[in-house]
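Here are a few short exercises to work through with the model open beside you. Try each one before reading its solution.

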Amino acid sequence: MAERDVQVLLSTYNGVRHLPEQLASLSRQTIARRVKLLVRDDGSTDETIELLRAWDPGPLEVDIRTGANVGAVASFGKLMAMADQNAKVFMLCDQDDIWL
């Protein structure tokens, strides 16, 4: 796949418990030469933002955004509106997913 053909859209909310394993699984992905990860935090009140900013994403290109709590469906809608229009494939990712 060409560069930036794949963009992963991840919505987070108070995800400190789940994110370490999820982020590790994203770092191991080999689906494309370059994967862009767009994260939107949905108003977390725990250390989710700090964890995301401290994470070493390896080869992933990461863009972290924050916003007010609007709920999962609306948060993913906002992610889709912010997504890279040059991407050919978009993958939605929940904070408690573990990708093989």
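**Exercise 1: the two sides of a helix**

Val 73 and Ala 81 are exposed, on the other side of H3 from its buried residues. Keep in mind that this is a predicted model.

Task: find which residues of helix H3 are buried, and what covers them.

Solution. Start with the helix itself, residues 72–82: its buried residues are Ser 75, Phe 76 and Leu 79. Now look down the axis of H3: these buried residues fall within an arc of 95°, so they line one face of the helix. Finally, check what sits over them: the cover includes S1, S2 and strand S4 (89–94).

**Exercise 2: the cores**

Task: work out which residues have the most contacts inside the largest nonpolar core.

Solution. First, the core has 15 residues, and those with the most contacts inside it are Val 8, Leu 10, Leu 23, Leu 26, Val 35, Leu 37 and Cys 93. Next, trace where the core comes from: strand S1 (6–12), H1 and strand S2 (35–42) each supply at least two of its residues. Then look for a separate one: another core, of 5 residues, lies apart from it, with Leu 9, Leu 38, Phe 76 and Ala 83 among them.

**Exercise 3: a serine in H1**

Task: decide whether Ser 25 is buried or exposed, and list what it touches beyond four places away in sequence.

Solution. Locate Ser 25 in helix H1, residues 19–27. Its relative accessibility is 0%, and buried means under 20%, so Ser 25 counts as buried. Leaving out residues up to four places away in sequence, Ser 25 touches Asp 97, Ile 98 and Trp 99.

Terms used:
Residues are numbered from 1 along each chain as its sequence is written. This is a predicted model: local features need pLDDT of at least 70, side-chain atom pairs count only at pLDDT 80 or more; totals for chains, interfaces and linings use all residues. Side-chain values use heavy atoms; hydrogens and water are left out. Helices (H or I, at least four residues) and strands (E, at least two) are DSSP runs, numbered from the N terminus. Buried means under 20% relative accessible area, exposed over 50%, partly exposed in between (1.4 Å probe, protein chains only). Contact means heavy atoms within 4.5 Å. A nonpolar core is a set of buried Ala, Val, Leu, Ile, Met, Phe, Trp, Tyr and Cys residues joined through side-chain atoms within 4.5 Å. The arc is that of the directions from the helix axis to the C-beta atoms.
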